[in-house]
Amino acid sequence: MVGLSRLRDLNPVGVDVERADWDRYWRKAALIQIGGAGRSALVDPIEAPDLTPLDEFLGERTVVLHAMENDLVPLAAAGVNPPRVDDTAVAAALLGYPTGLETLLEDVLGITLDIDKQAMQRADWEARPLEAGMLAYAAADVTDLPELWGALRDRLEETGRLAWYEEEIVALRAQPPVEERRSWSRLKGVGRLDPEGQGRARALWQARERLGRETDTAPGRIVTDKALVKLAEEPPSGTRDLGRRGLRRQAVREFGDVLIDALRTAGPAPARQRERRVREADRDLAEQLREIRAGHANDLGLDPGVLCPSRILLSAVVTDPPTPEDLRSALGMRRWQWEIVGGAFCEALGLADPGE
């Protein structure tokens, strides 16, 4: 990979991945960009599938990504596993900055990218040869990342939030891939179903995951989450009814029989896996937590979701946590987040103060 030799004096280096997998289950790199200090190199994993030189190059450096979750899995699938990683999107979120790369570059470094991002997101990154505009866009995504990270790191240190950032990076890197974190119990609306309905939702979800993995098809291309919950709530009479329930014609043709079979053979979800029905009191309590979180976030200049995502609050309340530790576990909160809102959350739920 001759282009990498032009970057050998750089450390850290910016890295980004362009993908062409919107309709696939497995994430795959279609182009890998490396750069910094106004220079870049583009690596084609389609034309050069052995990326050992790139893995070795990045293994000797700190890699700066923007939203690492989008890039680390396709890099790993291509045999590239950088050991030292920083993330400008995570740093920006913890500083209360916008996390979009173009806005961040302009606000922090005064750099304006002259690109049509929407057009590039719609582009076919697997097509060869790549158009000149696509190559220019790809290079621009990484050339300023190391400088941006340096500026953000300085501000994290100035605000005393570097420890928050370091905890976030460790936690993010320890997470399993998103494919392994998906769960039927997180489907929106599944909590309102009775045990039989939840059992059907579980069976449909498992069938969809199996089909997605076996055929490399994005789950939403098989059946969307909304349609899946509706099918579990009101089972169709047969495959001919699936099209009227929002499934694409091709999906009905390719996957309909398996989905109907999953519905017909489903039993109630195991009691320990069920999410109990949501009560109005649960919603009121979750709203209290939301208001507490918003107040703390406002004081810190953060987006409230950085302290705790909204979707987690109601789900945590429904678990009826008996102790502060159980509440923190249900919320999935980092230590720094818990130190900020844990006491107020426990008070709202009538739990012992976590500091006692």
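Glycine 14 stands opposite valine 64 in β4. That places the pair where β1 and β4 meet, and these two strands pair in the parallel sense over two bridges. The model described here is predicted.

β1 covers residues 13-19. Its other partner is β2, residues 29-36. Six bridges join β1 to β2, and the two run antiparallel. In this pairing, valine 15 of β1 has isoleucine 34 as its bridge partner in β2. β1 is mostly covered: six of its seven residues are buried.

**The sheet**

These strands belong to an open sheet of five. The order is β3-β2-β1-β4-β5, and the pairing is mixed. Which strands stand at the edges? They are β3 (39-43) and β5 (84-87). Each has a single partner strand, so one side of each is left without a neighbour in the sheet. Neighbouring strands are turned by 30 degrees against each other on average, direction ignored.

β4 spans residues 62-65. It pairs with β5 in the parallel sense, over four bridges. Here threonine 62 stands opposite arginine 84 in β5.

**Helices on the sheet**

Helix α1 (residues 52-59) lies across β1, β2, β3, β4 and β5. It runs at about 35 degrees to β2. Helix α3 (residues 88-95) also packs on the sheet. This helix touches β4 and β5, and its direction makes about 45 degrees with that of β5.

**Backbone details**

Some backbone angles deserve a look. Two peptide bonds are cis, and two residues other than glycine have a positive phi.

| Site | Angle | Place |
|---|---|---|
| Asparagine 11 to proline 12 | omega near 10 degrees | proline 12: segment before β1 |
| Arginine 128 to proline 129 | omega about 0 degrees | proline 129: loop between α5 and α6 |
| Alanine 37 | phi near 55 degrees | loop between β2 and β3 |
| Aspartate 216 | phi near 55 degrees | loop between α10 and α11 |

The loop that holds proline 129 lies between α5 (117-122) and α6 (132-140). The loop that holds aspartate 216 lies between α10 (195-215) and α11 (219-222).

Is alanine 37 buried or exposed? Its relative accessible area is 61%, over the 50% cut-off, so alanine 37 counts as exposed. Aspartate 216 has a relative accessible area of 30%. That value falls between 20% and 50%, so aspartate 216 is partly exposed.

Note on methods: Residues are numbered from 1 along each chain as its sequence is written. This is a predicted model: local features need pLDDT of at least 70, side-chain atom pairs count only at pLDDT 80 or more; totals for chains, interfaces and linings use all residues. Side-chain values use heavy atoms; hydrogens and water are left out. Two strands pair if DSSP finds at least two bridges between them. Axes are lines fitted to C-alpha atoms, for helices over the stretch in contact, and angles run from 0 to 180 degrees between N-to-C directions. Contact means heavy atoms within 4.5 Å. Buried means under 20% relative accessible area, exposed over 50%, partly exposed in between (1.4 Å probe, protein chains only).
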